[in-house]
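This report goes through a structural model, beginning with charged side-chain pairs and moving on to the surroundings of the ligands, the contact between the chains and the confidence of the prediction. Please keep the sequence and the structure at hand while reading.

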Amino acid sequence: MGFFTDTSVCIGCKACEVACKEWNMIPEDGLNFTGMSYDNSEGLSADTWRHVAFIEQRLPLGEQETSGARPASAGGGGAPVDLGMPSFDLPGAQTGEAERGDFRWLMSSDVCKHCTHAACLDVCPTGSLFRTEYGTVVVQEDICNGCGYCVPACPYGVIDKREDDGRVWKCTLCYDRLGDGLEPACAKACPTDSIQFGDLDELRERAAGRVERLHEEGITSARLYGDDPDDGVGGAGAFFLLLDEPEVYGLPPDPVVTTRDLPDIWKHAGVAALTLLAGLTATFVRRRG
Amino acid sequence: MSTSDVTKQGMRGARPGREALTGSKRVRRRRGDRHAMVPEAEFRSYYGKPVLNQVPWAATDIAGYLFLGGLAGASSVLAAGAELTGRPDLARAMKVGALGAISGSVVALVHDLGRPARFVNMLRVCKPSSPMSMGSWLLAGYGPLAGAAAATSVTGLFPRLGTAATLGAGLVGPAVASYTAPLICDTAVPSWHEGYRQMPFVFVGSGAAAAGGLGMLAAPVGQAGPARRAAVLGAGLELAATELMERRMGMVAEPYRTGRAGALMRAAKTLTAAGAVGGALLGGRSRLASALSGAALIAGSACTRFGVFHAGVQSAADPKYTVVPQRERVRESGLISDQPKVPKAREASEPAAG
Ligand code: SF4
Ligand code: SF4
């Protein structure tokens, strides 16, 4: 089971962030004006398990309909009726379309990827992180030692240590809700169905169709991220439809699970240990000092 | 609201939001657009925010832990050698040094974890996929050996047991000195992971230099010969391995040369080289020179570990070190991204718009 997050329909309402906090009773961690965008939660952390990124770009996504009137063909029924409400011009309306700058907003709700090869799970020395019967990755808070090893191991910067209790926290994909046959709180709360929960194979199929549709419509920058079971983490339990390169959303372009190199790492360490033993032995053998 | 199936069109299985096409109309391209664009940056990121979450370890705890582990492990090997070749003073100094260092490293670890019971919790499972788990078991085995070796040596009780413990600690010592390299390299931190081939050699070299330094500092000149040679060997290995590591790492080596990490790495090189040369030339003649060189070597080894630690922290804090190498890899492998980038997408849609 997993998530497909279709960022092309995300409206940046942050309902998922709030629903996640509410359901999981995550402590408040401060809403800050970051000064970088309208995003006030910055990134995933111990107390932010869903994070909606806002990306402002000087690019057109397409020709967006900005006037109040809908074309008759849209079924809106002709010109708008004046209700006598106070009104003002749309920004840029005076200058004319040609003078308007390009602008688009990308929004994307990020979450733990529930990797098939999860580095956090591999390196945990206490077995606190485990894989559930749904294929997701969950921390058992009563066992977590707070060693923090999983934090730098995660190639996506998801799991994090909560300062005041010293343990790590992250998205559980609402393990408790799944057990009761409910979908995760974020997916439930998403008003545009940008977050979809379900069987991964089915989601992947749906996602592929969606990308095709967008490409047909001329949005050729649409691509899937994290859906490939042959990628560096063996495919993720949460994958995304993005409209730009992953790094623009704060995602690594080609993450690889760190433990893929571990046999090689151990081998080099073993040779180094033997080198040390041999070298120090030699200091006694060479001549009497 | 994925379960709300009430739409304007009535009850529908299809979910309205999903089929919405944001700005799906084709783009009309205006002349001069390309020049109006901000020139493309070397790499792109989410407002310069790091991709990785920062290592939650305190430098004094974990860099100190790396240093003390190396010192202890290599000291135990020297202690065993000194014991077997009849250098009692050197042996005692190294055994006491090893116990002190390993106790210090356990204190650092426990301080990082928060409370002692958590160290015991580490022994719940035994996982080769976790260097920290392996390390906990190594410490649990090595600690008592080093303790017994030092205690018997200082008190003079149970000499046989003491010799056995000394040899045991000497055999486990190299593993204690080298496992800390996998510990930090088995992470997604670019400047640690990329160096995993050379890092163990940097660490054992640094450990040997520190242990040699300790021997020169604590044992009489007459018995400290092996310690001096260990220091020279270790310093040579450390400096060569560091050099090789930085060359092989490409751009990810930058953090080793900048900021706090850069300063520490430069200090480490100077202290280590000075200590090794001073020890080799003068250590055999003057007690003072021997002690000074020894102290320089120990300080150099500590600087190396703190430098490596901070280089990792610096590399995790800057998204460049995560994004650029991965982008390169993608480009080279040609696996993904023949998908056009956004500006191209806009051009691609031009004819249709015309
Ligand atoms: S994204 Fe990070 S925290 Fe989530 S499963 Fe993968 S490695 Fe673990
Ligand atoms: S912080 Fe907790 S979950 Fe993470 S590796 Fe340590 S014990 Fe495991």
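## Salt bridges within the chains

A salt bridge is taken here to be a side-chain nitrogen of Lys or Arg within 4 Å of a carboxyl oxygen of Asp or Glu. By this rule B:Glu243 and B:Arg247 are joined through their side chains, with an N to O distance of 3.3 Å, and the structure as a whole holds 24 salt bridges over all chains. This is a predicted model, in which local features need pLDDT of at least 70 and side-chain atom pairs count only at pLDDT 80 or more, while totals for chains, interfaces and linings use all residues. Side-chain values use heavy atoms, with hydrogens and water left out, residues are numbered from 1 along each chain as its sequence is written, and chains are lettered from A and ligands numbered from 1 in the order in which they are written.

Two further pairs lie in chain A, and their settings can be described by relative accessible area (buried under 20%, exposed over 50%, partly exposed in between, with a 1.4 Å probe and protein chains only). A:Asp110 and A:Lys113 meet in a salt bridge at 2.9 Å, N to O; A:Asp110 is buried at 11%, and A:Lys113 is likewise buried, at 2%. The side chains of A:Asp165 and A:Arg167 form a salt bridge at 3.3 Å, N to O, with A:Asp165 partly exposed at 23% and A:Arg167 partly exposed at 22%.

## Surroundings of the ligands

A residue is counted as near a ligand if one of its heavy atoms lies within 4 Å of it. Around ligand 1 there are 14 such residues, of which A:Cys112, A:Lys113, A:Cys115, A:Cys120 and A:Cys154 come nearest; A:Lys113 is thus a neighbour of ligand 1 as well as the salt-bridge partner of A:Asp110. Around ligand 2 there are 13 residues, and those that come nearest are A:Cys124, A:Cys144, A:Cys147, A:Gly148 and A:Cys150.

For the composition of these shells, Ala, Val, Leu, Ile, Met, Phe, Trp, Tyr, Cys and Pro count as nonpolar, Asp, Glu, Lys and Arg as charged, and the others, Gly among them, as polar. The shell of ligand 1 then divides into 11 nonpolar, 1 polar and 2 charged residues, whereas that of ligand 2 has 8 nonpolar and 5 polar residues and no charged ones.

## The contact between chain A and chain B

Contact, meaning heavy atoms within 4.5 Å, involves 111 residues from chain A and 96 residues from chain B. The two chains bury about 8,700 Å² between them, 55% of it on carbon and sulfur atoms, where buried area is the accessible area (1.4 Å probe) lost on putting two parts together, summed over both.

Across this interface the rule finds 5 salt bridges, and A:Glu247 forms a salt bridge with B:Arg327, whose closest N and O atoms are 2.7 Å apart. On the side of chain B that touches chain A, the residues comprise 48 nonpolar, 26 polar and 22 charged.

## Confidence of the prediction

The model scores ipTM 0.86 and pTM 0.85. In terms of pLDDT, the predictor's confidence in each residue from 0 to 100, chain A has a mean of 87, with 88% of its residues reaching 70 or more, and residues 63-76 of chain A stay under 50.

Chain B has a mean pLDDT of 85, with 82% of its residues reaching 70 or more. Its residues 23-41 stay under 50, and over residues 336-354 of chain B the pLDDT is also below 50.
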